[in-house]
Each structure stands twice: as structure tokens, then as C-alpha cells.
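This report covers pockets, disulfides, salt bridges and one sheet, in that order. Please keep the sequence and the model open alongside it.

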Amino acid sequence: MRGLIPSLALFMLLSAPSSAPGAQSTVRAVMHSDLKVLDPIWTPATITRLHAYMIYDTLFAMDEHREIKPQMVERYEVSADKLTYTFTLRDGLVWHDGEPVTSQDCVASLKRWSARDVTVFSGLIDGYQIIDSRTFSLRLKEPTGLVLSALGKSAGIVPFMMPKRVAETDPNKQISEFVGSGPFIFRKDEWRPGEMVVYVKFDKYRPRSEPASGFAGGKVVRVERVEWRAINDHQQAINALLADEIDIVEQPPHDLYPLLNKDPGIHLHKLNQLGSQYLFRPNWLVRPFDHPLVRKALWYAFNQEDFLNAATGDSAYYMACKAYFICGTPFSSQEGTEELLTSNFVKARALLKEAQYDGTPIVLLHSTDLNVLANLAPVARQLLERAGFKVDLQSMDWQTLVTRRTKKDAPQLGGWQGFLTSTFGAELLDPAISSWLTSNCDKALPGWPCDAQLEALRLQFARQLDPIKQQAVAREVQVRARQVTPYVPLGQWYSLVAARSNIAGFLTTPTIVFWNIEKS
């Protein structure tokens, strides 16, 4: 069994003195990753987005039934021609520095967000008009049903509202000031990367009157302080939870679920009902994945079961699904996938031969510190090598990988050819909002797929208002994606949050949120 005695460093972290409020008003959590990048418009990394939900707010939000509801917005109107949306902010919204939230702030935030957002919607924006301090309008180039879903999405690059002075930061540079209007204040003076992140309740936050539901409704904060403790050793994190030294482990390893279930002081919570999807991302800019046949070979080299079993080890928490959109949702389709993802190495080798693959090594980035990702790259290497690829596996922590994957350099100069990651089901509901499907070249997420036909189909989906016709377009999108391979889906998986039994108020969300949580 793994070691049961926490290290000296862990002991010092858990027992370090602080000026924090009493134990019942402080929630201590171990998150799936340490927080190093603070700008949610600069990266779609999950831990950065979780940080953003703590301190920022959004104009709209998705509830637990996947319906979009007003959040910072009090009311909105749509013009008869469906081209102009006019929004009025709720009264009394203020930033953490005490200044009021204004239309100017929101418009500046939307401009910076749309410059980085890779979904179809951003290309449909024609402009904005500020009407008064609480009212502004957004004008479209053409009608679309995507406005509210884009402004209220909970995955990818989320449109968080920031003060105008912050939002005017160059979209390609990270912000350096972290003032929001959300339910918590980020205590930058107490932030110690690799050790702890601290948030405190924002007393002037005005929750909506509706009950909390998903990311929507009233964000009522029921504790004074939240501490994210960085404990990289998963067994040590579980030991600390069992010893009541921390309150929550966001993503405990699947193989430790039985141990946690045996302890009456621990409860396991399934928050993300849609689950998540593993994926392999090839880099279209460099050899050999600049060749479509080499990318096609991936569909025959891989099989989903090997990845899912290595990552979770328990079939109760995964499901093979060859669709690009979450199986069981309206736009999901596995049509034409019977021969794909079957580890047909003969077929894969034939495709590599046809593409005249010259043995260029695949620099495969390997995240070692996230338990749900750590076993994926070794499986990929084994399958790729059996298919005839040469692989250079390079190991690093997740935050280093997140930074390195943005590099467009040649692999020998610090670039890369492939990596594996996971994305939430909430981002995999339709062609328009799926960031990893975006194939608009330099504007796409790292990997930079570039296919005009796929982008045209996604735009066609955005223009289509008939749900039946949308389904037909969504099927075409998935067929085209399998032909050009922006990424390879590697199956769906599910995880649980572990918490002390005195922690209550968890919401049904793709990722954990800390409003509504209370500690008795």
C-alpha cells in the first residue's frame, strides 16, 4: 500500500499558522492541479477557469439542466430582425475595489474575450453600442441562435467580466490585475504557487434571488474563506482528507474510491453528470501530422478501451464513445465509425507507407502530475509504436505542458507533435461551442487545425435555427472531422469529488464551485 505518513513538507503545509477565520468558516480543498496561470481569457485550462469562477461573474450562465439563464444581466431584448440584443445589467453590481460595474466594462470584456474565443460565435459579432451605464447592445452580422449559449457557456474560453482597465489588456498578453465582481476575492498576497491559493468572501456581492442551479442562480457564499492546498501526491491528499486536515479532494484517483467509501466520515459526490472526454491532439503545423494520411493513421492505431482502462481502471466510470459530441446528447453521432479506433495496426502502417512517413519522431508531451492524465501518454506511445511511429515521450507537470503546447516552434526547438488532455462534456454539446473542433488555422487552440470545409459546416450549424436540420449538419461536421482529424476522441469518463461528511451544498456542475457550499 502507498505510504500513509505525510511528508514533512505536507505536514508543514497543513499545520502552517495563518490569520484565517475559524475552522468552520474555512474550506480547505485539494484541486486537480496547482494554479499558475491566472488569466482565463489567455488559456482554457480548467484550473484557471475554476479560479475565474471564484472571482469573476458572467452575463449569462448555464443551469444544471443545461439551460442558459441571466446572471449579471437583469433583462434583455431582441430586435425584430434578430440582429440586435440589448442587455440591462442588474442594479448594485460592484467590483472588488468598490467601483460599480458598467456597460463600458462589459463591452471591453466582450471585446477581449471574442479576440481569443475560438468558437463560431465570435466571428458573427458586428459591434457593440453603449446606451447608458447599465445598458448596452450587441449587433450581429446575421441571425444566429448562439448568442445566449455563447455568453453563458461554462467551458473553453468563458466570457468573464472584468473592469475596463483590465479588459483593455492586449488579448495576447496575460492580465496582471485580478479584480472581479464575483462572490470571492482572490488574496494575491497569500498566493504561494506550489503551496496554496486563498479566496475570501466578497461581502458586497449581490446574489440573484433564484436558487443556485449549476453555474446560474444565486451564488450565496456560506463560508468566509476557501484555501486550495497544493498536494501533488494523491495518497497524501487522501490521507489528509481521512485525517480531517483538509475538507475536499476534487479529483481523487479512481482506485482509491473503495477506501473512501469505507470511511463514514467521507462522502463521494458525482457533480459532472455529462462526464468528460479524453482526446489526442496532433500538431498540424509540423511533420508528420501536417499530412492528412498520417493523422488518419491515428484512427487505426488507437482504441479507446486501452486509454480508458489505464486512466480509471474501473469500467463503471468510463464509456467508449466514438462520437465527437457526448453520447446520449442530441447531436452525437457514431455513424461510420465501425472500423475506427480498433487498433488495426496493419491499416495504420499502410497509411503511413502511403504518406511516405520517414520515421520522424513524435514528440509526445506527457503530463505526470494529474492522476486522470498521467497514464494516457504511455498508452499512446505503445499504440503509436505498434502502428509504425517513432515516439519521443517527454514528461512534465501539467502547467508546464499547458504553457509548452502554445509554442509553434519546431519540436527540436521546444515545440511538440502531440499531447493528450480531457475536456468537459459541457463543451461537447454541439459544433458551434466545441473549442477543440475549431479548425480556423492560427486562431484555433494549440494544434492549429486548418480546414475551411469544417469551418463552413460549423458556421452552417450556427446559422440554422431548425433543430432537425441542425442534427443533419452536426452529423456532417463529425464526418468531416473524422476525415481531417482536428483531434481523436478517446472515450468518455466520469469522476467523483471526495469531501468530509460535514461539507454540504455541492451543486450539479461540470466542475466544482464553492458558492453554496457550507461547513458544519
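## Pockets

A pocket is an open set of grid points with protein on both sides within 12 Å along at least five of seven lines, and its lining residues have an atom within 4 Å of a point. The model searched here is a predicted one.

The largest pocket has a volume of about 750 Å³. Its lining is made up of 31 residues, and those nearest the centre are R116, V118, D442, K443 and A444. Two elements, α3 (103-116) and α13 (452-463), give two or more residues to this lining. Sorted by class, the lining of the largest pocket holds 15 nonpolar, eight polar and eight charged residues.

The second largest pocket has a volume of about 490 Å³. It is lined by 22 residues, with R66, I68, G145, S149 and D430 closest to its centre. At least two lining residues come from each of α4 (147-151) and α13. Helix α4 supplies three residues, the largest share of the lining of the second largest pocket. The class division for the second largest pocket is 13 nonpolar, six polar and three charged.

## Disulfides

How many disulfides does the model contain? The count comes to two. When the bonded cysteines are numbered in sequence order, they pair as 1-2, 3-4.

C321 and C327 form one disulfide, with 2.0 Å between their sulfur atoms. The link of C321 and C327 is right-handed, with 90 degrees about the S-S bond. Are these two cysteines, C321 and C327, buried or exposed? Both C321 and C327 are buried.

C441 is joined to C450 by a disulfide with an S to S distance of 1.9 Å. The torsion about the S-S bond of C441 and C450 is about 60 degrees, so this disulfide is right-handed. C441 is partly exposed, with a relative accessible area of 29%, and C450 is partly exposed at 41%. Elsewhere, C106 has a relative accessible area of 0% and is therefore buried, the cut-off for that class being under 20%.

## Salt bridges

Side chains of opposite charge can pair when their charged atoms come close. Over the whole structure, a search finds 26 salt bridges. Three pairs and one network are described here.

In the first pair to be described, the side chains of E74 and R75 meet with an N to O distance of 2.5 Å. E74 has a relative accessibility of 38% and so counts as partly exposed. R75 is also in the partly exposed class, because its relative accessibility is 45%.

R192 forms a salt bridge with E195, and the closest N and O atoms of this pair are 3.0 Å apart. R192 is partly exposed, with a relative accessible area of 34%. E195 is partly exposed as well, with a value of 37%.

The side chains of K519 and D247 meet in a salt bridge with an N to O distance of 3.1 Å. This pair links distant parts of the chain, 272 residues apart: K519 is in strand β21 (residues 518-519), while D247 is in the loop between α6 (234-242) and β11 (248-249). Are K519 and D247 buried or exposed? Both K519 and D247 are buried.

Which residues are linked in a network of salt bridges? The members are R187, D189, E190, R225, E227 and R229.

## The seven-stranded sheet

Seven strands make up an open sheet with mixed pairing, in the order β8-β9-β10-β1-β11-β19-β12. β8 (184-186) and β12 (266-269) stand at the edges; each has a single partner strand, so one side of each is left without a neighbour in the sheet.

Strands β9 (residues 196-201) and β10 (residues 225-229) run antiparallel and are joined by five bridges. Which residue in β10 stands opposite Y199? The residue opposite Y199 is V226.

Technical notes: Residues are numbered from 1 along each chain as its sequence is written. This is a predicted model: local features need pLDDT of at least 70, side-chain atom pairs count only at pLDDT 80 or more; totals for chains, interfaces and linings use all residues. Side-chain values use heavy atoms; hydrogens and water are left out. A salt bridge is a side-chain nitrogen of Lys or Arg within 4 Å of a carboxyl oxygen of Asp or Glu. Buried means under 20% relative accessible area, exposed over 50%, partly exposed in between (1.4 Å probe, protein chains only). Helices (H or I, at least four residues) and strands (E, at least two) are DSSP runs, numbered from the N terminus. A disulfide is a pair of cysteine sulfur atoms within 2.5 Å. On a 1 Å grid over the protein atoms alone, a cavity is a set of points where a 1.4 Å probe fits but cannot get out, and a pocket is an open set with protein on both sides within 12 Å along at least five of seven lines; lining residues have an atom within 4 Å of a point. Grid points are joined across faces, edges and corners, and a volume is the space filled by probe spheres set on the points. Ala, Val, Leu, Ile, Met, Phe, Trp, Tyr, Cys and Pro count as nonpolar, Asp, Glu, Lys and Arg as charged, and the others, Gly among them, as polar. Two strands pair if DSSP finds at least two bridges between them.
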